[in-house]
Amino acid sequence: HHSIIMVSSLNTIDLHIEILKPDLAGSLPERIISYQLDRFQLFLDNSIEKKIPFIKIIHGKGAGVLRDHVRQILNRHAKVKLYQPSKDDGATDVWLD
């Protein structure tokens, strides 16, 4: 019996600014990315606190700036067991300790 990992709003965050905070969509890129990273960090910390074993970060493809920042944070995080690209590199799957 295989346990299916359910991808739900509980363990997935979509960092597209149009979804996170539409009124920021026309802002400066630096402002947008810093908001996205704050929200990602919060989501990561909350997931660890709630002992959620698996999360999915949707960062989109684009130039890969957000993706690279997200993965740098994951690299440095003690509670991140492993992560791997998914959705054609438009997302990152993360396993937590």
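This section describes the nonpolar core, a helix pair, a group of polar side-chain contacts and two residues with positive phi in a predicted model.

In soluble globular proteins, nonpolar side chains tend to be buried together. In the present model, the largest nonpolar core comprises 22 residues. Leu-15, Phe-40, Leu-44, Ile-55, Ile-57 and Val-70 are the residues with the most contacts inside this core. Two or more core residues are contributed by each of the helices α1 (17-20), α2 (29-49) and α3 (65-76), and likewise by the strands β2 (54-58) and β4 (91-96). The largest share, 7 residues, is provided by α2.

Two of the residues with the most contacts inside the core, Val-70 and Leu-44, illustrate how it is assembled. Val-70 is located in helix α3 and has a relative accessible area of 0%, so it is classed as buried. When residues up to four places away in sequence are set aside, Val-70 touches Leu-15, Leu-37, Phe-40 and Ile-57. The C-alpha atoms of Val-70 and Thr-92 lie 8.7 Å apart in space, although 22 residues separate the two in sequence. For Leu-44, with residues up to four places away again not counted, the residues touched are Ile-55, Ile-73, Leu-74, His-77, Val-80 and Leu-96.

Two packed helices are described by the angle between their axes and the distance between the axes. For α2 and α3, the angle is about 35 degrees and the axes are 11 Å apart. The crossing of α2 past α3 is right-handed. On the α2 side, the contact involves Ile-33, Gln-36, Leu-37, Phe-40, Gln-41 and Leu-44; on the α3 side, these residues are met by Val-65, Leu-66, His-69, Val-70, Ile-73 and Leu-74. The residues of this contact comprise 9 nonpolar and 3 polar residues, with no charged residue. Phe-40, Leu-44 and Val-70 thus appear both in this helix contact and among the residues with the most contacts inside the core.

Polar side chains are also found in buried positions. Asp-93, in strand β4, is counted as buried because its relative accessibility is 9%. Ser-86, in strand β3, is likewise counted as buried, at 12% relative accessibility. The side chains of Asp-93 and Ser-86 are joined by a polar contact of 3.2 Å. A further polar contact, of 3.0 Å, links the side chain of Ser-86 to that of Lys-56. Ser-86 therefore has side-chain polar contacts with Lys-56 and with Asp-93, and its own burial is set by a relative accessibility of 12%. Apart from neighbours within four places in sequence, the residues in contact with Ser-86 are Lys-56, Ala-91, Thr-92 and Asp-93. On the same basis, Asp-93 is in contact with Phe-54, Ile-55, Lys-56, Leu-82, Tyr-83, Gln-84 and Ser-86. Lys-56 and Ile-55, one of the residues with the most core contacts, are both included in the surroundings of Asp-93.

Most residues other than glycine have a negative phi, and most peptide bonds are trans. Lys-51, which is not a glycine, has a positive phi of about 60 degrees. Lys-51 occupies the loop between α2 and β2 and is exposed, with a relative accessible area of 70%. Lys-87 also has a positive phi, near 50 degrees. Lys-87 is placed in the loop between β3 (80-86) and β4, where its relative accessibility of 53% classes it as exposed.

Technical notes
Residues are numbered from 1 along each chain as its sequence is written. This is a predicted model: local features need pLDDT of at least 70, side-chain atom pairs count only at pLDDT 80 or more; totals for chains, interfaces and linings use all residues. Side-chain values use heavy atoms; hydrogens and water are left out. A nonpolar core is a set of buried Ala, Val, Leu, Ile, Met, Phe, Trp, Tyr and Cys residues joined through side-chain atoms within 4.5 Å. Buried means under 20% relative accessible area, exposed over 50%, partly exposed in between (1.4 Å probe, protein chains only). Helices (H or I, at least four residues) and strands (E, at least two) are DSSP runs, numbered from the N terminus. Contact means heavy atoms within 4.5 Å. A polar contact is a pair of N or O atoms within 3.5 Å; within protein, one must be able to donate a hydrogen and the other to accept it, and residues adjacent in sequence count only if both atoms are side-chain atoms. Axes are lines fitted to C-alpha atoms, for helices over the stretch in contact, and angles run from 0 to 180 degrees between N-to-C directions. A crossing is left-handed if the near helix is turned anticlockwise from the far one by less than a right angle, and right-handed if clockwise. Ala, Val, Leu, Ile, Met, Phe, Trp, Tyr, Cys and Pro count as nonpolar, Asp, Glu, Lys and Arg as charged, and the others, Gly among them, as polar.
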